[in-house]
Amino acid sequence: MRTGPTNRLRTRLVALLVAAPVLVAAVGIGVLETWRVVAPESMWFVTMPSRSFAEAVTVGDTLRAYELLLAGQDANQAIAVRDPGVGANTAIAVRPLLWAVARERYDMVLMLLAFGARVDPEVQRLASCFARQHGNEVVAQALGGDDRAQPGGGCPAAVTGSLLLSTGPKAAAGG
Amino acid sequence: MPVALLLCALAFPIVARVVVGPRGAAIHVRWAQPLDAPMRQQLEARFRLMDGQRMDSSTWRYDLADPSTENIRRIISDAAVEDTDGLDRARFSLGAAVRTGRRLRSGSGDAIVFAVDRVALVLAALAAIVGLPGASGGAFSWKRAGATVAVRVRSLTLGTPRAATTSASALDLGPVRPRLWTAVTLAAAAPFVITLCVTLWETPIPISEAVALFEDVLEQPLALFWSPNDTYYRPLFHVALAALWRIGDLDATLGSIKLLTIIPIVVLVSVFVWHLRPRTALDAAAALVAVTVLIGSAGFRDNLEVVLPYTIVGMCMAAIVWAILEREPRRWTCALVVVCALVAIGFKEQGLVILPVIVVAWWSRAPGATRGLAITAVFIGVAYVAFRLSGSAAWAPFEQDLGLGFSEIDRRDAAARFGAFPYWIYAYNSASTISGVLFSEPSRGVFQAVRAFLVERDPQPGLVVDVASSCVLTLLIAGWGLRGVAAARRGEWSPEGRLFLATVAALLASGALSFNYSRERLGGMAVVFYAMAAFHAVRAASSQLVQVARVRLGSVALVLILLSAGWSIRAIATLEWARGHSWSNQREWFVMLPEREISFARRPTYQRLLTSMTEQGRVPSAPRPTPYPDWFARLIGQLR
């Protein structure tokens, strides 16, 4: 057994090594949280709010979309988006609800539905199939209307986001 | 003791002010025309403008509950606000406004600060009384007081002469300074605990589960919650909720409900560290790792939902019970242990885990565990099971969806597949819960890490950290524990041997109680003992490290550092989980509210609760996930 100063030095070293990650984490948390209190709007704590309704729907910024809807944004007004699968780099006009489904922003879908967003029944049924095939039964049912009693019934084999959006411009153009 | 009291006296008022938020201010707002009443009310809620009084056609006087720069900036920049009085429009701060009460987070903010200030005064007075040299008899003298203070300061910084003797007689791991190292451990754990508690305090109460629960306790007779017929039996929790709803003030009620989760967390960590009582630097290092094990465990994390404090209360009670059992018995020991056990069981059936722990403590000759206490524990257990089984006729074979292998099975499908002979799947659920505590895999009965690694070929860093840190720690604990049990075979039960046995008992009991479905939260009671065992295992490994040859020192030290780092990351992940939970709760108020208002239109109490709670659900200052860099977000499981 080691004794004396060598042992003490080793003991302190081992204690410091074992505790070091926890101490670093504790100090880091302390600094971070103090900073959060002092500068809550710092870029470290706040993601930049979306600049438009279309961007909010695209990135799933539910809070910003909610604020805009409260401020009078029409949940059914077509938005201009870019989707490589449909129009390469060309902007297409699409209903927010359809875009949210295609981007799998399911919280956004539910909120838009709550604010009265709708698309043509046939397109909405297709959107319901898409949500179901991507594993979100809750959204599928919320979109599905009368189809909810027949999970998967009447759906094409594989509904893709591009297929869904290809119906979008027509829906937008048709109002 | 006087130092601790004095520190509390100083800290309490500061913490109270941080928790309840700043004082408000009386301001005037002139709204732009035209602005209809519903729109104005929405803006008032968003800007935390309370007690509106109309001054003229467009000017209103308000109590601004949230005077933060962010909120003032939003008010001033909003197109609907034409002008303001009482605000500094250039600096986005309060101008010459009269300050009002603290109503940012609770309607009772002023009352809370007032009460805490008075408690602090009492603590300061107590510190003075306990610290006075004359308190233990004899007349007071300034000279003696000065000498006592000098000795106490010296003992805190250099250790007592007795401590030095003790350290010299045993394996020399440095001077023994229990107060100092306990204080250091608590101080280092404080950022984790305070951050977690503040986050939970600011977390909005969600819609799902919460509103229906509140509706139940407001509408149903309390006797209903004592009936054994319901599968979920939590009578004390429901009684506590019902009592809190009788407070009357909504903010105070919701705040008190959050305290049902926050107070047990503070008590749990405090009792945990106090019981470990680190005496040396090495002890303190091991205790710090143990605290991160407690906070970073999925069994702890999964019990942090602000309206479902069932098991966190039980975990707190388990820590108190074990600390009492390991001390010499007093007159009140038995009564206090039984009360703690009953409270834990009354909040959730997982509290039953305490009963086998008591029996194990008695069997392994814990100082505070008497035969009478063990018999009482057995009696309570038998009576509870008999009582519950008397109402089991209506129970379904599976109450929730369950995990099996790499996927989850709907409970109805499970009933169809396994209903005829469910005992194998029950055993699988129990084993899953135990394995989840020990190895972080499976989770909810699903082998997520294995699936990610072998099937999806995407070894997610967060899962790797979880599984690796758990496996290494469990191996350490097993090695340490088996040595303790081997010593016990020679008839020498040590506190370490007893703790190992209690950990095994708690694990088995947690597993048995989760037979119906496996969830991480169901292993929570065992996590308390697992984390205590982690302290001893890490301390033992560190002590051995001091003795090993220099050649092996590096590799063994690296393993311990990685272990400590892994659990520190997991503790941070818990804090971030709480922030994510808050955001998820808030999202419900944006996403689910309209649908709930329609679906529950015929339930007036539900509707009333929804309406009254909407403001707290949409409060802009609710915690959100920290936008960490992607690599760190993946490490803590924020990004999958």
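**A walk through chains A and B**

Chain A holds 10 helices and two strands. Along the sequence the pattern runs α-α-α-β-α-β-α-α-α-α-α-α. The model is predicted, with an ipTM of 0.72 and a pTM of 0.75. Of the 175 residues in chain A, 37% are buried. Among contacts in chain A with a separation of 6 or more, 55% join residues 24 or more positions apart.

Helix 7 of chain A, residues 121-133, is a good place to look in detail. How far apart should its ends be? At 1.5 Å a residue, its 13 residues should span 18 Å. The expected span is 1.5 Å times one less than the number of residues, so the count of steps is what matters. The end C-alpha atoms are 18 Å apart, which agrees. Many positions in this helix are buried, including A:Val123, A:Leu126, A:Ala127 and A:Phe130. Polar and charged side chains appear in the buried set too: A:Gln124, A:Ser128 and A:Arg132 are among them. After helix 7 of chain A comes A:Gly135, with a positive phi near 85 degrees.

Now turn to chain B. The domain assignment divides chain B into domain 1 (25-101), domain 2 (188-389), domain 3 (423-547) and domain 4 (578-635). Taken over C-alpha atoms, the centres of domain 3 and domain 4 of chain B are 34 Å apart.

The nonpolar cores come next. In soluble globular proteins, nonpolar side chains tend to be buried together. Here the largest nonpolar core has 181 residues. Within that core, B:Ala290, B:Val321, B:Ile358 and B:Ala534 have the most contacts. Which element gives the most to this core? Helix 22 of chain B, residues 524-547, does, with 16 residues. Take B:Ala534 as an example. Leaving aside neighbours within four places in sequence, B:Ala534 is in contact with B:Val289, B:Ala290, B:Val293, B:Leu473 and B:Ile477. A second, separate core has 14 residues, with B:Leu43, B:Leu49, B:Leu87 and B:Leu94 among them.

Helix 20 of chain B takes the same length check. This helix covers residues 461-489, and its 29 residues should span 42 Å at 1.5 Å a residue. The end C-alpha atoms are 42 Å apart, in agreement. B:Gly491 follows helix 20 of chain B, and its phi is positive, near 85 degrees.

How do the two chains meet? In the model, 34 residues of chain A are in contact with 39 residues of chain B. On chain A, helix 1 (4-38), helix 3 (62-70) and helix 6 (106-114) each supply at least two residues of the side that touches chain B. Helix 1 of chain A gives the most, with 19 residues. By class, this side of chain A has 21 nonpolar, six polar and seven charged residues.

Where does confidence fall in chain B? The mean pLDDT of chain B is 86, and 91% of its residues reach 70 or more. Among the elements of chain B, helix 11 (residues 281-296) has the highest mean pLDDT, 96. Helix 6 of chain B (residues 161-169) has the lowest, 35. Over residues 132-141 of chain B, pLDDT stays under 50, and the model has 11 contacts beyond four places in sequence for them. Residues 152-171 of chain B also stay under 50, with 18 such contacts. Where pLDDT is low, the predicted coordinates should not be read in detail.

Key:
Residues are numbered from 1 along each chain as its sequence is written. Chains are lettered from A and ligands numbered from 1 in the order in which they are written. This is a predicted model: local features need pLDDT of at least 70, side-chain atom pairs count only at pLDDT 80 or more; totals for chains, interfaces and linings use all residues. Helices (H or I, at least four residues) and strands (E, at least two) are DSSP runs, numbered from the N terminus. A residue is buried if 20 or more other C-beta atoms lie within 10 Å of its own, exposed if 12 or fewer, and partly exposed in between; C-beta atoms are placed from the backbone. Two residues are in contact if their C-beta atoms, placed from the backbone, lie within 7 Å. Domain bounds come from an automatic or database domain assignment. A nonpolar core is a set of buried Ala, Val, Leu, Ile, Met, Phe, Trp, Tyr and Cys residues joined through C-beta atoms within 7 Å. Ala, Val, Leu, Ile, Met, Phe, Trp, Tyr, Cys and Pro count as nonpolar, Asp, Glu, Lys and Arg as charged, and the others, Gly among them, as polar. pLDDT is the predictor's confidence in each residue, from 0 to 100.
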